[in-house]
Amino acid sequence: MTASTSAPAGRTPLARRRALRAPAASRSNALPAGAWWLWALGLATAASRTTNPLLLGLLVGVAGYVVAARRTDAPWARSYGAFIRIGLFVVAVRLVFSVFLGSPIPGTHTVFTLPEVPLPDWAKGVRLGGRVTAEQLVFALYDGAKLATLLICIGAANSLANPARLLKSLPGALYEAGVAVVVAMTFAPNMVADVMRLRTARRLRGRPTGGIKAVLQIGLPVLEGALERSVAVAASMDARGYGRTAQVPPAVRRTTNVLTLGGLLGVCAGTYGLLAAQGAVYGVPVLIAGLVAAMAGLRLGGARSVRTRYRPDRWGVRAWLVAGSGVAVAVAMIWAGGAYGEALHPGVVPLTAPVLPLWPAAAVLIGLLPAVVAPVPPPVGTPANAAPVGAAPVGAAPVGAAPVGAAPVGAPNSKEIQ
Amino acid sequence: MIRFEQVSVRYEGAERPTLSGVDLTVPEGELVLLVGPSGVGKSTLLGAVSGLVPHFTGGTLSGRVTVDGRDTRTHKPRELADLVGTVGQDPLSHFVTDTVEDELAYGMESLGLAPDVMRRRVEETLDLLGLAELRDRPIATLSGGQQQRVAIGSVLTPHPKVLVLDEPTSALDPAAAEDVLAVLQRLVHDLGTTVLMAEHRLERVVQYADRVVLLPSPGAAPVMGAPADIMAVSPVRPPVVALGRLAGWEPLPLSVRDARRRAADLRERLASVQPPAPEPLTAPPLAPVAPSPVRRGVLDRLLGRGARTAAEPEPAADATARVERLGVRRGRVEALRRVTLTVAPGETVALMGRNGAGKSTLLATLVGMVEPTSGTVLVGGRTPHRTQPREMVRRVGLVPQEPRDLLYADSVAAECAAADSDAGAAPGSCRALVSELLPDVPDDTHPRDLSEGQRLALALAVVLTARPPLLLLDEPTRGLDYAAKARLVTVLGGLAARGHAIVLATHDVELAAELAHRVVILADGEVVADGETRQVVVSSPAFAPQTSKILAPQKWLTVAQVRAALGDPS
């Protein structure tokens, strides 16, 4: 692959094609988390524009295929399955509610009839049990499927992009808050691990591990442990320079405060103006002015922070393609809302079989682009991911002089430390 | 480089200061080892260097601590971050980011170093610590030794002048510990870094130290000096020093190499004596305590639970535990493969092997927390994972790596009462065991306020309340000083003599040498050695205790054996 890059102008077609192929993923060519999120939000927007189960299924398929092709085996990448399960749960809940609480959808095809609970007069409009029609079930199914697809698209972004790296792209002034959020997010998995450990301990003491009593008895130590751990992490962060600030002239500091506060007030006032009936004239300009002021405040506030960024993700051609493909799907679906309105919302009354509209379906397939252009993560279980690593430092190269990549380290070593 | 001037620290609510009258100077470029029994304030002293004491922990610090001229009273920990790198006892609570490379860069990002400098230093540090292969790995998936190296690397990248480490090798297997120590050695020699570290496993580190600071007892002033001089008076000492003191060598040897050079005459004196053969196992097998009638809850009665188990007859068994061709898989990983092991009553077996070799999994299988994928496990004639927990506690007890997990009441007395009812033992039996193991612990102490050693003893008492014939301990000496370890050895020896079978998973070769009748070495989930302790450990460079290294080819394992052979009454 590298041969083509050094060759001068007259590259062979073969070499050119090789250069276009997606490279193996590494830290240097990692896609920014934002690109994945834009792609996923694009798909989600598309999903919110249709109730056609065929199109929704296609969207889920596209998201699933890209996840299968491009996810790593990092812990956050395993969340996709959980999101699918949540999606199915949403569909089930929607159906159950529709069956028991009835539905305003008029229908003629009765599937079955539940005994209806007679309710007093003041509860008019609420129904418990009664006739269940095919129309209302299909309506609930479409509706639930839409919501489930939205969730699954978010899950796809979650498993393709490291959530911590998304927060890393916050502006400098918000970075510290971002780190705090990241640390808080590690809280949940740690607490799950604590619960597992304490359940184990209960078993070791010969107590049953289920039941409400067990949960209550485990709860306190788990919270205690989580608190202790967060204090330890806070100590470590403090000792490693978290929250160091640069000296800023008082004038700048005051300007920052004024801009941020004023900007936020402007945003509030502008939004109010837009929503209220009589303020439409000044709403937009005030909102924009407020936003600009707030942005300037954040930017100035960044000067207080001395932090630098280590290897930030770069927006390259591939990132634009990934993000663009998602946006394209969304735009196409919004446009199709006019031209193919009927196909996107298949009728429930009377019941009709949904049809797959050709052009919107083709547009959804654009969402598959990341599966081709995004860098390929190493397959699960390859040396880079799961090898036992014999990594004892051998020899004694002075650090300052060690040429990068040429230090006598990581040489074959009989002691494998797993 | 580091100066303590008349420093004393008193925490809120404490009766007496944790540290007092500390007056010492650590010169630049030295590796200084901080030793002393548990609870003398070693961690407090280390925390004072990085400014975490008192800025973060609270308490009052009087006197003055300066690091490279910066006073910790006026400088917060974050303002010392470019000067002092601190790694605490638990590497996991040190990490802020989730991948190795980001973690190495985190400190530099906070200090605002230029991106190209950060990149270069990360690459250098990856090479220095042998982490290059792991650079993209999520930290949570690394082994203990790897995590410890990442933690050290993460404080090295800002090029601190001082490195402060609290028990850097306690959780590591011998090979991983040597790696970490080699790195520290290299930092001191090649970069002139000043290293101050506390460590209980003196046999691993004392030979690398330029100076030793001894905190003899809580609140007492520290003594600083050359390692050999301090070891001569220290209440805590590694076997090599103990042997040196026994043989009257002057100056005291600190490494196996020094000791071997002097040991010629001792080997000669011992040549005529046979090392004691392991005593044959004569202890009678323990019968599990009879279950007291179980009061069932309303729900249990409704569901008909609990009645069935009491009626089952006690199956007879010759061995306490029998494991045959055991296989355990976790996902695609085979954690254990074709493991066969038999533990007889009264026998003590040490399970050794590197981190992740499957020791803890084997113990978990024996108590029924992990279901075997293939093969059979029988403990007291039962299959552990199919037996009710209530039944199982009377056959096997496990003290987990973190004894605190086992304790969740808010006082020792409540803990004991709970243990009695869990085990169906007579009220007061747990408290009696606690009094035996921990003579002076009041009833109302919170388990969290106990020292590591006391907490271990309490957990052990809780487990022993059900009198399980098989006792399992996972890494029992982590964080214990020599005195606590000696007490543990006495207690476990007594239990074995009374017929308890004991299985220890441990990295501590000295403990295995003192206690175990048999050593089983696991590697990659397979048994690679299984035999009498002497046969297995003496021939292994990694698992041999210091005494046997010094006196090889004679097969002595512990200083106590040598002392007995020399007829020394002390």
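Start by selecting B:Val412, B:Cys416, B:Ala419 and B:Asp420 in helix 16 of chain B, then add B:Ser429, B:Cys430, B:Arg431 and B:Val434 in helix 17 of chain B, which they meet. Contact here is C-beta to C-beta within 7 Å, with those atoms placed from the backbone. Sorted by class, five residues of this contact are nonpolar, one is polar and two are charged. Nonpolar covers Ala, Val, Leu, Ile, Met, Phe, Trp, Tyr, Cys and Pro; charged covers Asp, Glu, Lys and Arg; the others, Gly among them, are polar.

A word on what's loaded: it's a predicted model, where local features need pLDDT of at least 70 and side-chain atom pairs 80 or more, while totals for chains, interfaces and linings use all residues. Residues count from 1 along each chain as its sequence is written, and chains are lettered from A and ligands numbered from 1 in the order in which they are written.

Now show 412-423 and 429-437 of chain B whole: the axes of these two helices come within 7 Å and cross at roughly 130°. Axes are lines fitted to C-alpha atoms over the stretch in contact, with angles from 0 to 180 degrees between N-to-C directions. So helix 16 of chain B is oblique to helix 17 of chain B (oblique is whatever is left after under 35 degrees, roughly parallel; over 145, roughly antiparallel; and 65 to 115, roughly perpendicular). Helices are DSSP runs of H or I, at least four residues; strands are E, at least two; both are numbered from the N terminus.

Next, colour by chain: 53 residues of chain A and 73 of chain B make the contact. On the chain A side, pick helix 9, which gives the largest share, ten residues.

How values were computed: Two residues are in contact if their C-beta atoms, placed from the backbone, lie within 7 Å.
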